[in-house]
Amino acid sequence: AETMSEADLGERLSLDSPFQEFHRLTHTFNAMMDRFQKSCESQRRFVDYAAHEMQTPLTVLQGNLEVTLQKARSTEEYREALIGNLEQVEKLIALARSLLTLTKVTGDRPPLHLAPVELEPLLQELIIELKLLADDRRISLALEVVPVPTISADAQWLKQALINLLDNSLKYTPPGGSVTVRLRRSDGSLEIAVRDTGPGIEAEHVPFLFDRFYRADKARARESGGTGLGLAIVKGIVEAHGGTVAVDTQPGKGSEFTIRLPLGRAPEGHPSN
Ligand code: ADP
């Protein structure tokens, strides 16, 4: 027999007023509680992950200090131990910095200072800053731009998002590879794409890449010193600007991360083309 929900019944009998109103309220309340519970659970998981990420360097640090203190060492041994400890402290600082950035950009009111930004000089500056790192890794770094209008953005935050993408490309691409940054205009938005000839990412990982602490290749990611928050920060920054970020990747071929920023928000857009 056909079952009829109470809401259907209410509608069929055209019982508006209290009965239907009550149902609507119950439904809204349940949906709200559901969202609230999900958000609590995700918050709990986040704290759990963050604590785990801190625990590893702290445990290594503790072990190092204990071993170092067990017996008298030569100056050289002390020096080595201190260098090892410094590395762990640097990891902790990077983690704390990333956590702070992430909570800022994904908060209710991200602290964006919007102003007209010219992307071409911003990208040129970035390429110059990262050239040494790229040379050091024997990766060619190129910029391809077309004239685009000024956009309304927070230059500092935008730069941070791009640094994270470039940092990943330079980190995961083997020596001899190349990284290309492309700036172009597509209908209603500007696109900045960072493409590399790195290892690419398996399809099963792609839906989770922008999640906090998600790493596609755990061993490689940890070895390269990442916090697992880089892409979550990129997503937070881009979405705070009303934009989107997407990835197109093929294992063995490379990856392309594309940031799309809406043009409409420009306060005083002066199209240059
Ligand atoms: P991490 O600090 O581990 O790099 P991210 O959030 O920046 O964290 O990136 C998440 C994961 O996505 C990385 O651990 C890595 O597995 C994968 N990834 C990101 N960028 C690239 C890239 N350009 N090439 C290959 N894998 C990448």
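This is a chat about the ligand and the pockets in a predicted model.

Reader: Let's start with the ligand. How many residues surround it, and which are the closest?
Author: There are 20 residues around the ligand, and Asn168, Tyr172, Asp196, Gly228 and Leu231 are the closest.

Reader: Okay, polar contacts. What does Tyr172 do with the ligand's oxygen?
Author: Tyr172 has a polar side-chain atom 2.7 Å from an oxygen atom of the ligand.

Reader: And Asp196, how far is its side chain from the ligand nitrogen?
Author: That distance is 2.8 Å, from an N or O atom in the Asp196 side chain to a nitrogen atom of the ligand.

Reader: What about Ala216, which part of it lies 3.0 Å from a ligand oxygen?
Author: The backbone: a polar backbone atom of Ala216 is 3.0 Å from an oxygen atom of the ligand.

Reader: How much of the ligand's accessible area does the protein cover?
Author: On its own the ligand has 530 Å² of accessible area, and the protein covers 97% of that.

Reader: Where does the ligand sit?
Author: In the largest pocket. Helix 5 (155-172), helix 7 (230-240) and strand 7 (254-262) are the elements that each give two or more residues to the shell around the ligand.

Reader: Which of them gives the most to that shell?
Author: Helix 5, with 4 residues.

Reader: What's the class split in the shell?
Author: The shell around the ligand has 9 nonpolar, 7 polar and 4 charged residues.

Reader: Switching to the pocket itself. What's the volume of the largest one?
Author: The largest pocket holds about 830 Å³ of space. It is lined by 38 residues, and those closest to its centre are Asn168, Lys171, Tyr172, Gly230 and Leu231.

Reader: Which elements supply two or more lining residues there?
Author: Helix 3 (75-105), helix 5, helix 6 (218-223), helix 7 and strand 7 do. Helix 5 gives the most to this lining, with 9 residues.

Reader: And the lining by class?
Author: For the largest pocket, 15 nonpolar, 14 polar and 9 charged.

Reader: New topic, the second largest pocket. What's its volume, roughly?
Author: About 550 Å³. Its lining has 23 residues, with Phe210, Asp211, Arg212, Phe213 and Ala232 closest to the centre.

Reader: Which elements give two or more residues to that lining?
Author: Helix 2 (18-70), helix 3, helix 6 and helix 7.

Reader: Last one: how many nonpolar, polar and charged residues line the second largest pocket?
Author: It has 11 nonpolar, 3 polar and 9 charged residues in its lining.

How values were computed. Residues are numbered from 1 along each chain as its sequence is written. This is a predicted model: local features need pLDDT of at least 70, side-chain atom pairs count only at pLDDT 80 or more; totals for chains, interfaces and linings use all residues. Side-chain values use heavy atoms; hydrogens and water are left out. A residue is near a molecule or strand if one of its heavy atoms lies within 4 Å of it. A polar contact is a pair of N or O atoms within 3.5 Å; within protein, one must be able to donate a hydrogen and the other to accept it, and residues adjacent in sequence count only if both atoms are side-chain atoms. Accessible areas come from the Shrake-Rupley method with a 1.4 Å probe; for residues, only the protein chains shown count as cover. On a 1 Å grid over the protein atoms alone, a cavity is a set of points where a 1.4 Å probe fits but cannot get out, and a pocket is an open set with protein on both sides within 12 Å along at least five of seven lines; lining residues have an atom within 4 Å of a point. A molecule sits in a cavity or pocket if more than half of its atoms lie within 2 Å of its grid points. Ala, Val, Leu, Ile, Met, Phe, Trp, Tyr, Cys and Pro count as nonpolar, Asp, Glu, Lys and Arg as charged, and the others, Gly among them, as polar. Grid points are joined across faces, edges and corners, and a volume is the space filled by probe spheres set on the points.
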